[in-house]
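Biologist: I have a model here and want the reasoning behind its labels. Can we take them one at a time?

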Amino acid sequence: MKLTIGKATDNDIVIDDPYMSRHHAVLSTGENGELILEDAGSTNGTFVNDIRIVKKKVVPEDGIVLGKEYTLTINELLHKADDYSDDFGKLKPVYDDYIREKIRIQSRNQFKTRLFQSLPFALIGVVGVIFGFLGHAHKGLFIFSFVLAVLAPTVGIYFGARQAAKIPALLQNLANRFKTNYVCPKCGTFLGEIPYESLSNKKQCPVSSCKAKWIRT
């Protein structure tokens, strides 16, 4: 990537400011992907964090001054050229966390549902063993085991159904947060459940009017 900055209309980033030179500075990508800002022999200078520079490695958060008054950050400068690669990179953990949490909700609640449904039947089996061990002479135990045999499965099904009913609401809340965060950093369009790697291959926003570049080249 190489972006020329200045007042002249043939620059990649045109800034109409009285203290800007026609060809003021150049922002480029180094061999290792680092950002480099270089003054192009401007009259009023290029400043990074209040220090005048000739050539310097910079990061998106660095504040710069072009000329005497034009102040912005490197990230804002990149946005002027529709370069949203740094912002787009922050979407990877958003997608990864969403998939991880979705799997956790589904597996955890399915486990609880099966547990609630199966425990009453296991309890009946335990009581049956006790009843068989103590013998048929205990009428109270017989009645208790009979009532348990009738009620326990019903209770298990009820609590299992309640647990299963929680899953859609939990997934919906998760999806709502995901729809808010997994968006194009420029136009805010929701990107669906398309994996981050697939979006990276597209290299730019699919919305034709947006023109945001996601991958720096």
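Biologist: Before the labels, which strands form the open sheet, and in what order?

Modeller: This is a predicted model. In it, 4 strands form an open sheet, ordered β6-β5-β8-β9, with antiparallel pairing.

Biologist: What makes β6 and β9 edge strands?

Modeller: Each pairs on one side only. β6 covers 51–53 and β9 covers 70–73. Neighbouring strands of this sheet are turned against each other by 30 degrees on average, direction ignored.

Biologist: How do you know that β8 and β9 pair?

Modeller: Pairing takes at least two bridges between the strands. β8, residues 63–66, is joined to β9 by 4 bridges, and the two run antiparallel. One partnership is isoleucine 64 with leucine 72 in β9.

Biologist: How do you know that β1 pairs with β3?

Modeller: The cut-off is at least two bridges. 4 bridges join β1 (residues 2–6) to β3 (residues 25–29), so the strands count as paired. They run antiparallel. Threonine 4 has valine 26 of β3 as its bridge partner.

Biologist: In which sense do β1 and β2 pair, and over how many bridges?

Modeller: In the parallel sense, over 2 bridges. The rule asks for at least two, so β1 and β2 qualify. β2 is residues 13–14. There, isoleucine 13 is the bridge partner of isoleucine 5.

Biologist: What is the order of elements in the whole protein?

Modeller: From the N terminus on, it runs β-β-β-β-β-β-β-β-β-α-α-α-α-α. That is 9 strands and 5 helices. Of the 217 residues, 36% are buried.

Biologist: Why is aspartate 83 called buried?

Modeller: Buried means under 20% relative accessible area. Aspartate 83 has 5% relative accessibility, so the residue counts as buried. Its place is in the loop between α1 (74–80) and α2 (85–89).

Biologist: Which residues is aspartate 83 in contact with, leaving aside its neighbours within four places in sequence?

Modeller: Met1, Leu78, Lys213 and Arg216.

Biologist: Now the rings. How many aromatic pairs are there?

Modeller: The count comes to 7 aromatic pairs. One of them is tyrosine 95 with phenylalanine 178, at 6.4 Å centre to centre and 55 degrees between the planes.

Biologist: Why is the pair of tyrosine 95 and phenylalanine 178 called tilted?

Modeller: Centres must lie within 6.5 Å, and 6.4 Å passes, so the rings pair. Planes under 30 degrees apart would be stacked, over 60 edge-to-face. At 55 degrees the pair is neither, so it is tilted. Tyrosine 95 is in helix α3 (residues 91–134) and phenylalanine 178 in helix α4 (residues 139–181), 83 residues apart.

Biologist: What makes tyrosine 95 and phenylalanine 178 buried?

Modeller: The limit is under 20%. Tyrosine 95 has a relative accessible area of 12%, so it is buried. Phenylalanine 178 has 4%, so it is buried as well.

Biologist: Why is the pair of tyrosine 95 and tyrosine 182 tilted?

Modeller: Their centres are 5.6 Å apart and their planes lie at 35 degrees, so the pair falls between the stacked and edge-to-face limits. Tyrosine 182 lies in the loop between α4 and α5 (196–202), so the pair ties together parts 87 residues apart in sequence. Tyrosine 182 is buried, and so is tyrosine 95.

Biologist: Which residues form the aromatic cluster?

Modeller: Tyr95, Tyr98, Phe178, Tyr182 and Phe190 form one aromatic cluster.

Methods. Residues are numbered from 1 along each chain as its sequence is written. This is a predicted model: local features need pLDDT of at least 70, side-chain atom pairs count only at pLDDT 80 or more; totals for chains, interfaces and linings use all residues. Side-chain values use heavy atoms; hydrogens and water are left out. Axes are lines fitted to C-alpha atoms, for helices over the stretch in contact, and angles run from 0 to 180 degrees between N-to-C directions. Buried means under 20% relative accessible area, exposed over 50%, partly exposed in between (1.4 Å probe, protein chains only). Contact means heavy atoms within 4.5 Å. Rings of Phe, Tyr and Trp (its six-membered ring) pair if their centres lie within 6.5 Å; planes under 30 degrees apart count as stacked, over 60 as edge-to-face and the rest as tilted.
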